[in-house]
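This note sets out some points on the structure shown below, for discussion at the bench. It takes up strand pairing, an internal cavity, salt bridges and backbone geometry.

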Amino acid sequence: MIYSVGQIKFTSKYDGKTVTGLVGSSVSLTWSFSGDVNIVVWGLKKDGVDVIQNKGQLVSLNKNGPVSVSVPSEYSGRVIGSGDVSSGQVTFTLSSIRMSDKRFYGCKIRPTDPFDQEAFDSVYLAVKGEHLVA
C-alpha cells in the first residue's frame, strides 16, 4: 500500500476501551493525531459502526477553533472542546456526568486533502454514582 504524505492517523487512541466517570463530575478525553487534519468531530458513536450518529455531534473543532454544531438537548452546556487541530492534540470534556451518559463516544478526524481517508476512534464511558433513595 502506498501512503500519501498527508495521511492522517491517531497517534494516541482509546480503541474502544472503557473510561469511568462519576455522576456529577467531569471527564476529559484527549486524542493525539498526526498528518494534515482539517477538522475533528467528537460525538455519540452509532451502534455497531465507526461513525458519529446522525444529529449526534457534540463538539467540532477545525484549524480556526470551535465550529458551531447543533448539540442534542441532553448535552447542551455540558460539552466543550479544547486544543489546536494544527498542533495534533485535542481534548473533549463532558461535565455534570449523568447515569444516562453511559455509552460509546467517537472521535473522527478529517483530512484537509479530500482524497485522504478519515480516521475514527471510540471510547466507552462507564458511569458510577450513588443512587439517592427518597
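1. Two strands are taken to pair if DSSP finds at least two bridges between them. By this criterion β7 and β8 pair: they run antiparallel and are joined by 6 bridges. Within this pairing, G81 stands opposite F92 in β8. Please bear in mind throughout that the model is predicted.

2. The pairing of β7 with β8 belongs to a wider arrangement. An open sheet is formed by 4 strands in the order β1-β3-β8-β7, with antiparallel pairing. Its edge strands are β1 (9-12) and β7, each of which pairs on one side only. On average, neighbouring strands of this sheet are turned by 30 degrees against each other, with direction ignored.

3. Strand β10 (119-128) deserves separate attention. With β2 (residues 18-22), β10 pairs in the parallel sense over 5 bridges. With β9, β10 runs antiparallel, and 7 bridges join the two. The residue Y124 of β10 appears in both pairings: Y124 is the bridge partner of T18, and Y124 is also the bridge partner of F104. As for its surroundings, β10 is mostly covered, since 8 of its 10 residues are buried.

4. What does a search for internal space find? The whole structure holds 1 cavity of 30 Å³ or more. The largest cavity has a volume of about 40 Å³. Its lining consists of V19, V27, L29, W42, L94, Y105, V123, Y124 and L125. By class, this lining has 9 nonpolar residues, with no polar and no charged residues.

5. Which strand gives the largest share of the lining of the largest cavity? That strand is β10, with 3 residues. Both β3 and β10 supply at least two residues each to this lining. Y124, already mentioned as the bridge partner of F104, is one of the lining residues.

6. How many salt bridges does a search of the whole structure find? There are 5, and three of them are discussed here. The first to be considered joins D36 and K63, whose closest N and O atoms are 2.7 Å apart. This pair links distant parts of the chain: D36 is in the loop between β3 (27-34) and β4 (37-45), K63 is in the loop between β5 (52-62) and β6 (65-67), and the two are 27 residues apart. D36 has a relative accessible area of 34% and is therefore partly exposed. K63, with a relative accessible area of 35%, is likewise partly exposed.

7. D101 and R78 also meet through their side chains in a salt bridge, at 2.8 Å from N to O. Here too the pair links distant parts of the chain: D101 lies in the loop between β8 (89-94) and β9 (103-111), R78 lies in the loop between β6 and β7 (79-84), and 23 residues separate them. Are D101 and R78 buried or exposed? Both are buried, a term that stands for under 20% relative accessible area.

8. A further salt bridge is formed by D15 with K13, where the closest N and O atoms are 3.7 Å apart. The cut-off for this kind of contact is 4 Å, so the pair at 3.7 Å is counted. K13 has a relative accessible area of 45%, which makes it partly exposed.

9. D15 also merits a check of its backbone. D15 lies in the loop between β1 and β2, and its phi is near 55 degrees, a positive value in a residue other than glycine. S96 presents a positive value as well, with phi near 45 degrees, and S96 is not glycine. S96 is placed in the loop between β8 and β9. At a relative accessible area of 40%, S96 is partly exposed.

10. The last point concerns K55, which lies in strand β5. Why does K55 count as exposed? Its relative accessibility is 71%, and exposed means over 50%. K55 and K102 are 47 residues apart in sequence, and their C-alpha atoms are 18 Å apart in space.

Conventions. Residues are numbered from 1 along each chain as its sequence is written. This is a predicted model: local features need pLDDT of at least 70, side-chain atom pairs count only at pLDDT 80 or more; totals for chains, interfaces and linings use all residues. Side-chain values use heavy atoms; hydrogens and water are left out. Buried means under 20% relative accessible area, exposed over 50%, partly exposed in between (1.4 Å probe, protein chains only). Axes are lines fitted to C-alpha atoms, for helices over the stretch in contact, and angles run from 0 to 180 degrees between N-to-C directions. On a 1 Å grid over the protein atoms alone, a cavity is a set of points where a 1.4 Å probe fits but cannot get out, and a pocket is an open set with protein on both sides within 12 Å along at least five of seven lines; lining residues have an atom within 4 Å of a point. Grid points are joined across faces, edges and corners, and a volume is the space filled by probe spheres set on the points. Ala, Val, Leu, Ile, Met, Phe, Trp, Tyr, Cys and Pro count as nonpolar, Asp, Glu, Lys and Arg as charged, and the others, Gly among them, as polar.
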